[in-house]
Amino acid sequence: MPKNTTEERGRRAYLVDPTTKLISQVFIKDYKDIQRHIGCDMFTMAFSFENNDVLYADDNGLIDGKKHDFFAVLEDDETHTLCRPIAGRGLLVGSDAQGGDADARTNILDLAMMVKWAEST
């Protein structure tokens, strides 16, 4: 039987994977799901959106000594300003008024237009 409620399926989030250059819909229920999707033990908010969505990334991605692919998010459409490069996967999650996780509000197609892929290092 399909899981239809937010409580059953978790919160809608979008996984940004610079290795495959894909953005996919995933579901999270707690911080362990965020860790699993990003592939890390410790994550941080790398970018926040005007609609209160947040992009989480590996907090140690730049210093763990591993080879990573990178991406950036377009901050300002008019000036084409990018946020700092993000190492490894990112996870876009919504947030509620109390700071808890919620369904992502950003449309996946809009997110795809904002993400800029970079070469690996």
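1. Strand S1 and strand S8. S1 and strand S8 (residues 90–95) run antiparallel and are joined by four bridges. Within this pairing, Tyr 14 stands opposite Leu 92 in S8. Please read these contacts with the usual care, since this is a predicted model.

2. Strand S1 and strand S2. Strand S2 (residues 22–28) is also antiparallel to S1, and seven bridges join the two. Tyr 14 takes part here too: its bridge partner in S2 is Gln 25. Tyr 14 is thus placed opposite Leu 92 in S8 and paired with Gln 25 in S2. The S1–S2 connection is a hairpin with four residues between the strands. In that turn, Lys 21 has a positive phi of about 60°.

3. Burial of S1. How many of the seven residues of S1 are buried? Five are, so the strand is largely enclosed by the rest of the structure. For the protein chain as a whole, 40% of the 121 residues count as buried.

4. Strands S3 and S4. These two pair in the antiparallel sense, over five bridges. Ser 48 stands opposite Val 54 in S4. The hairpin they form has five residues between the strands. Asn 52 takes a positive phi there, near 80°. A check of the backbone could take in both turn residues: Lys 21 between S1 and S2, and Asn 52 between S3 and S4.

5. The largest nonpolar core. This core holds 19 residues. Phe 49, Leu 55, Val 73 and Leu 111 touch the most other members. At least two residues each come from S1 (11–17), S3 (43–48), S4 (54–58), S5 (70–76) and H3. S5 gives the most, with four residues.

6. Surroundings of Leu 55. Which residues does Leu 55 contact, leaving aside neighbours within four places in sequence? Among them are Thr 44, Met 45, Ala 46 and Phe 47. Phe 49 and Val 73 are on the list as well; both are also named with Leu 55 among the core residues that touch the most other members. Further contacts of Leu 55 include Val 16, Phe 71, Ile 86, Gly 90, Leu 91 and Leu 92. Leu 92 is the residue that Tyr 14 stands opposite in S8.

7. A second core. A separate core of 11 residues is also present. Its members include Val 26, Ile 28, Cys 40 and Val 93.

8. Helix H3 and Ala 112. Ala 112 lies in helix H3, residues 108–114. Is Ala 112 buried or partly exposed? It is partly exposed, because its relative accessible area is 39%. The C-alpha atoms of Ala 112 and Ile 23 are separated by 6.9 Å, although the two residues are 89 apart along the chain.

9. The second largest pocket. Its volume is about 150 Å³. It is lined by 14 residues, of which Ile 38, Gly 39, His 68, Gly 88 and Arg 89 are the closest to its centre. By type, the lining divides into seven charged, four polar and three nonpolar residues.

10. Overall arrangement. The protein chain has three helices and 10 strands. Along the sequence, they follow the pattern α-β-β-α-β-β-β-β-β-β-β-α-β. Residues 24 or more positions apart account for 51% of the contacts with a separation of 6 or more.

Conventions
Residues numbered from 1 in each chain as written. Predicted model: local features only at pLDDT ≥ 70, side-chain atom pairs only at ≥ 80, totals over all residues. Heavy atoms only, no water. Buried < 20%, exposed > 50% of the residue type's maximum accessible area, 1.4 Å probe, protein only. Core = buried A, V, L, I, M, F, W, Y, C linked by side-chain atoms within 4.5 Å. Contact = heavy atoms within 4.5 Å. 1 Å grid on protein atoms, 1.4 Å probe; cavity = no way out; pocket = protein on both sides within 12 Å on 5 of 7 lines; lining within 4 Å. Points joined across faces, edges and corners; volume = space filled by probe spheres on them. Nonpolar A, V, L, I, M, F, W, Y, C, P; charged D, E, K, R; others polar. Pairing = 2+ DSSP bridges.
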